[in-house]
Protein chains: 2
Amino acid sequence: MDSIYQINLFLKKQKYKCNCIGIPKTIDNDIVFMDHTPGFGSATKFLINAVTEIYYDDFSYKKGRVNIVEIMGRNTGWLTASSMLSSLNNAKPDLIYVPEVDFDPDDFLNKVQKIYETKKHCLVCVSEGIHDKNGNLISISNETYDVFNHLQLGGVGAYLTKLVETKFNYKTRYFELSLLQRANSIIPSEQDIKEAVTIGKKALLYALKGKSGYMVNLKRISNEPYKIKYELIDLALVKNKTKYLPLTYVNSTKDNINESYISYVLPLISGKQKNHLREDGLLDIYFLEKHHDN
Amino acid sequence: MDSIYQINLFLKKQKYKCNCIGIPKTIDNDIVFMDHTPGFGSATKFLINAVTEIYYDDFSYKKGRVNIVEIMGRNTGWLTASSMLSSLNNAKPDLIYVPEVDFDPDDFLNKVQKIYETKKHCLVCVSEGIHDKNGNLISISNETYDVFNHLQLGGVGAYLTKLVETKFNYKTRYFELSLLQRANSIIPSEQDIKEAVTIGKKALLYALKGKSGYMVNLKRISNEPYKIKYELIDLALVKNKTKYLPLTYVNSTKDNINESYISYVLPLISGKQKNHLREDGLLDIYFLEKHHDN
C-alpha cells in the first residue's frame, strides 16, 4: 500500500493522468482498518483442516509424538491463531504461540512435559516469527554451519523440535506448511474468492470514476447474519502499518487462543464448498476465470 | 504381511482357532502382485495437486526459483513418479528422481543449470530414498552437528537445496510434503476409498468362511473401462517383498517419467469428488463411517 501511495504522489507531481487504487491481499490479515484481508479465509481454511489431519494421525497411535506446526506470519499471529478452530473437530492444539506474545522457552518446555506426560500426545502451533522478551527470533542460531560450511538456517519448528528432544527424548517432529497454506486452491473459501473478486472490480470502477490515492476497504457490519460493506479509505491511513492480533483473543496463560476468535473466523471459511477438481481428479486451474465471468 | 503370516503360523501351531487374513494398505504402492495398494490413490491425488500449486506459484514470478519437492518413498518411487501427472495441468516437473535409479549429483547440477538458465524456473520432484551408485543415501552428512551438539539430520530436499545454492546461487527452496500426503482426507480418491472398504469387508468374509494365511489381492482386469477384481493370495508369496517401479516408466535420460505412467495412475484418482467438508468449512471427520454404512 505504500508503493501505490508513492506511485500516486509521483504521478500527481508529474501531472500524469492516472488514477491509483490499492487492491489489498495478504494471507497475513494484517492491514489496518480492514476487517480481514483477501486470501486470509482460504489460507485459514487449509490450515485448520491440515492441523485436524495432523491431530488425528497422531491420535491413531496410543503413544504419539510432540508435533510442532510452523505457520506463516512473521509479525502477526492471525493465521496461527486460526489453528484453534480445529477445536470444532475436537482436534484443538494444546499450545498456540503468536508473535504478539513474548515466548519463554523454559515455560514452553514445562508445559510440553505436563501435556505429553498426561496425554502422550502434544500438538503445538506456532508462528514463524515468535521471539523472546528481548525481541530475538526463536530459531536456529546463526553460529551453526553445515557440511558445506554454509550458515545453517532453520526456522522455529526445527528449533523447538531440537529443544524438546534435547530435554526430554520425546519423539518430536515439525511440519512446515510452507507454500501449501498460501497457494491452497484445492479448498479455497468461496466467501474469500467472492470478496477478492468484488474488491478488484470495485477498485477498477472507482479508478474509472476518477478516484485516486485510496484502498478498497472491507468492513463487517454484522456477524449473524454475516454482512460486509466495501468502502474507500485513504492510502495514507493504511500504508506501513500493521494490524496485530488483539490480546483479548489470547488466553490468560498466554499459550492458546480464546473461543471468542471462532465467531470472527468462521464466516470467512463457511459456506458450501464448490468442487474445484475436474473429473480426472486434477485441480481445475481455470476455476478463478469462471468467477470472473460472473 | 510378514507379521500376519507369522501370527497365522503361530496360532496354527498352538491349535488356536483363529483365521488370519492380511488387509493391505500403504501409500508406497509396493506390495508385490497387487495392481496398486489402498491409500496410494488418495496420496497420489493430493501429491499431484500440491505439485501443481507449487508450479503455478513459481510461474507467477518472471524469475522463479529452483523448487525441490521431497516425496515419501524410501525404497520405491511410485508416489514420486505420480508427480508427472501434473503435466495434465501443464505443470510437469522438469526433473523426477526415484530410488530405482542411481542418482548422480554432478549430472543433476548440470541439468538444473541448463533448465534454470533457459526457463528461470525449475521444478524437481524427488523420493526421500534416492541414493548414489554406491547405495549411499543422498542426504545431509552424518558429520554435521548443530548448536545443541546434536547430529544434524536432514533429508534429500535440504541436501539438494544446499547443493544447488552452493554451486549456482540460484534462489532455491525445498518442500517436505510430509504427513499431509499420507493423511490427506480433504481430497481423497473416491475409487481408493471404495476399494479400501471393499478389501476390508472381503477380508472379514473370507475369515468367517474359514480361510486363513492369505491376503486380499487386487488385480486390474481392464483399463478402459477400468475394472478390477479381488482375490486371495498366499501370504508366503507377498511377505517381505517389494514391488519396484518398473524401469519402463523411467525416461531414457533417467530424470523423468514416461507418459505411459498416466494410464496406470489416472483411473486410481478419477471420478466425481465427493464433498468431505461441512458447511462450516471444516473437514467432516466422520465421512469414512458413512462409507461403512453402505
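In strand 4 of chain A, Glu70(A) finds its bridge partner in Val126(A). That pairing is a handy way into this predicted model. The two strands involved, strand 2 (residues 66-71) and strand 4 (residues 122-127) of chain A, run in the parallel sense and are joined over six bridges. Zooming out a little, these strands belong to an open sheet of four strands in chain A, ordered 3-4-2-5 and paired in parallel fashion. At the edges sit strand 3 (95-97) and strand 5 (172-176) of chain A, each of which pairs on one side only. From one strand of this sheet to its neighbour there is a turn of 15° on average, with direction ignored.

Helices come next. Helix 2 (residues 40-59) of chain A packs on the sheet, where it touches strand 2, strand 4 and strand 5 of chain A. The direction of helix 2 makes about 170° with that of strand 2 of chain A. Helix 4 (residues 105-119) of chain A, for its part, lies across strand 2, strand 3 and strand 4 of chain A, and runs at about 150° to strand 4 of chain A.

How do the helices of chain B meet one another? Take helix 4 (residues 105-119) and helix 5 of chain B, whose axes are 11 Å apart and which pack at an angle of about 65°. The crossing of helix 4 and helix 5 of chain B is right-handed. On the helix 4 side, the residues that meet helix 5 of chain B are Pro105(B), Leu109(B), Val112(B) and Gln113(B); helix 5 of chain B answers with Leu163(B), Val164(B), Lys167(B) and Phe168(B). Sorted by class, that contact has six nonpolar residues, one polar and one charged.

Now for the domains. Chain A is assigned domain 1 (2-39 + 187-244 + 259-293) and domain 2 (40-183). Taken over C-alpha atoms, the centres of domain 1 and domain 2 of chain A are separated by 29 Å. Where these domains touch, 19 residues of domain 1 of chain A are in contact with 20 residues of domain 2 of chain A. On the domain 1 side, helix 7 (190-208) and helix 9 (260-269) of chain A each supply at least two residues. Helix 9 of chain A gives the largest share of that side, five residues. The class count for the side of domain 1 that touches domain 2 of chain A is nine nonpolar, seven polar and three charged.

Finally, the two chains together. A turn of 180° and a shift of 0.0 Å along the axis lay chain B on chain A with an RMSD of 0.0 Å, which is the relation of a two-fold axis. Both copies use the same surface, as 100% of the contact residues of chain B recur in chain A. The contact takes 46 residues from chain B and 46 residues from chain A. On the side of chain B that touches chain A, two or more residues come from each of helix 2 (40-59), helix 5 (156-168), strand 5 (172-176), helix 6 (178-183) and helix 9 (260-269) of chain B. Helix 2 of chain B gives the most to this side, with nine residues. By class, the side of chain B that touches chain A splits into 20 nonpolar, 16 polar and ten charged residues.

Notes
Residues are numbered from 1 along each chain as its sequence is written. Chains are lettered from A and ligands numbered from 1 in the order in which they are written. This is a predicted model: local features need pLDDT of at least 70, side-chain atom pairs count only at pLDDT 80 or more; totals for chains, interfaces and linings use all residues. Copies are superposed by least squares on the C-alpha atoms of residues with pLDDT of at least 70 in both. Two residues are in contact if their C-beta atoms, placed from the backbone, lie within 7 Å. Ala, Val, Leu, Ile, Met, Phe, Trp, Tyr, Cys and Pro count as nonpolar, Asp, Glu, Lys and Arg as charged, and the others, Gly among them, as polar. Two strands pair if DSSP finds at least two bridges between them. Axes are lines fitted to C-alpha atoms, for helices over the stretch in contact, and angles run from 0 to 180 degrees between N-to-C directions. A crossing is left-handed if the near helix is turned anticlockwise from the far one by less than a right angle, and right-handed if clockwise. Domain bounds come from an automatic or database domain assignment.
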